[in-house]
Amino acid sequence: MRHQVVRMAVHAVTVALLVFAAPLAVLTWTSLRSEERGELERAALAAAVHVGPQFTAGDPLDLPSTEPDTIVTVYDARGRRAGGPGPDTGGPLVAQAASGVVASDQAGGQLVVAVPVVSAEHVIGVVRAAAPVSLVWQRALLGWSILATLAAGALAVSVLIARRGARRLTEPLGKLSAVSARITDGDLAARAEPSAIPEINNVALAHNAMVDRLTHLLERETHFSADASHQLRTPLSALLLELDAARVTPPELLPPVLARTEEQIRGLAQAVDTILDLARKRPRHWLGTAPTQPLGQVVDAAGARWHGRLARAGRRLIAQTRPDIATHPVPAALVTQVLDVLTDNALRHGAGTVTISARDAAGTVAVDVSDEGTLRADADAVFARGASGGDGHGIGLALARTMSEACGGRLIATRRTPTTFTLYLPAADEA
């Protein structure tokens, strides 16, 4: 591209120089020829002043000195040479001047000017001044050489400017190409630098925005498998326990076991759908599209799901909702997943009784999940993906915060001892 820009600039300057140089060369030739004619006419007039009436009687002529290449000749009224070097007969130009007008033309390789000598209103003679046309050509060639030199200098300067401009134009594009190559090789952190050229800067900004968007999409796709496996791990373990129990259950007692199994399978499907929708949709879209249920039902369902698991671990579970907010509508799928993550976290890393309680918090709804343990990690660091205080994968709390934000809420660690995580949900009118 750099060579193309330079080539286009050189072509443009060359055409411009030709457009201006051709008329200028013609104008130079015309001007020099007119100037030489004027000099010859002045030399002839100067000589005519020294030609008096008495020269017709044979008196000698005293002509003024002229340029070495200028020949001044005096002719009588009949065109015969009366003084000075030159042809013996004046020819057509002298005859024309004898009629009382100044005549000029090119003849025999010379530029000739003939001026009449007038006395008592009569033409008594003619002064002829001549110079070689080669003098005009020499001056013209000198002028054209100067023009050619100036044109060559202008062309050289234009090449330098074009190369500098091409480098200024192509250097940001080269950097952008290098950044694209790095991204192609897997360096998703590479970004294009801003440019002083607005058009290229707009391309760089659009390129960076595109890479940011693609990186975000890749991260969401990458996180989906990890989030799905995390959310399915505990329900699958519970499902396996139910299936093991079904093996030794008498036939007449199988319907309740199968019903619980069916409910757990539905929960698995709902978890997958929730995480998949979260990976595909923007968070703000959840507020208007997610199905809702009363908060009391969601909290009670969480208590029913986790009561048996905590009991098998020798732990107690309390699930309670204040009556004034029990009917508050919430995005059931997301809140369910958040409560499952927090309860599983309390089961794995906490101690003592686990409490799920919903309350009104100054116009918003707060759902607390607490246990009797102590949070040793930093309250904000625990939500970073990959952070884990034990044998976990560092996915659950990060996923729970993402889900909280998707339903318009906020999840924070409110107390270190006893460990308490609080999910703040928008009020009914805001939701």
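In the predicted model, helix 9 (residues 396-406) lies across strand 11 and strand 12, and its direction is at about 125° to that of strand 11. Of the 11 residues of helix 9, 8 are buried, so this helix is largely enclosed by the rest of the structure. The buried positions comprise Gly 396, Leu 397, Ala 398, Leu 399 and Ala 400, together with Met 403, Ser 404 and Ala 406. Helix 9 is followed by Gly 408, which has a positive phi near 80°.

Strands 11 and 12 belong to an open sheet of 5 strands, arranged in the order 7-9-10-12-11 with mixed pairing. The edges of this sheet are formed by strand 7 (317-321) and strand 11 (410-415); each has a single partner strand, and therefore one side of each is left without a neighbour in the sheet. On average, neighbouring strands are turned by 20° against each other when direction is ignored.

Within the sheet, strand 12 (residues 420-425) pairs with strand 10 (residues 364-370) in the antiparallel sense, and 6 bridges connect the two. One residue pairing between these strands involves Asp 368, whose bridge partner in strand 12 is Thr 422.

A further helix contacts the sheet through another set of strands. Helix 7 (residues 295-312) lies across strand 7, strand 9 (354-361) and strand 10. Relative to strand 7, helix 7 runs at about 175°. Strand 7, at one edge of the sheet, is thus crossed by helix 7, whereas strand 11, also at an edge, is crossed by helix 9.

Methods:
Residues are numbered from 1 along each chain as its sequence is written. This is a predicted model: local features need pLDDT of at least 70, side-chain atom pairs count only at pLDDT 80 or more; totals for chains, interfaces and linings use all residues. Side-chain values use heavy atoms; hydrogens and water are left out. Two strands pair if DSSP finds at least two bridges between them. Helices (H or I, at least four residues) and strands (E, at least two) are DSSP runs, numbered from the N terminus. Axes are lines fitted to C-alpha atoms, for helices over the stretch in contact, and angles run from 0 to 180 degrees between N-to-C directions. Contact means heavy atoms within 4.5 Å. Buried means under 20% relative accessible area, exposed over 50%, partly exposed in between (1.4 Å probe, protein chains only).
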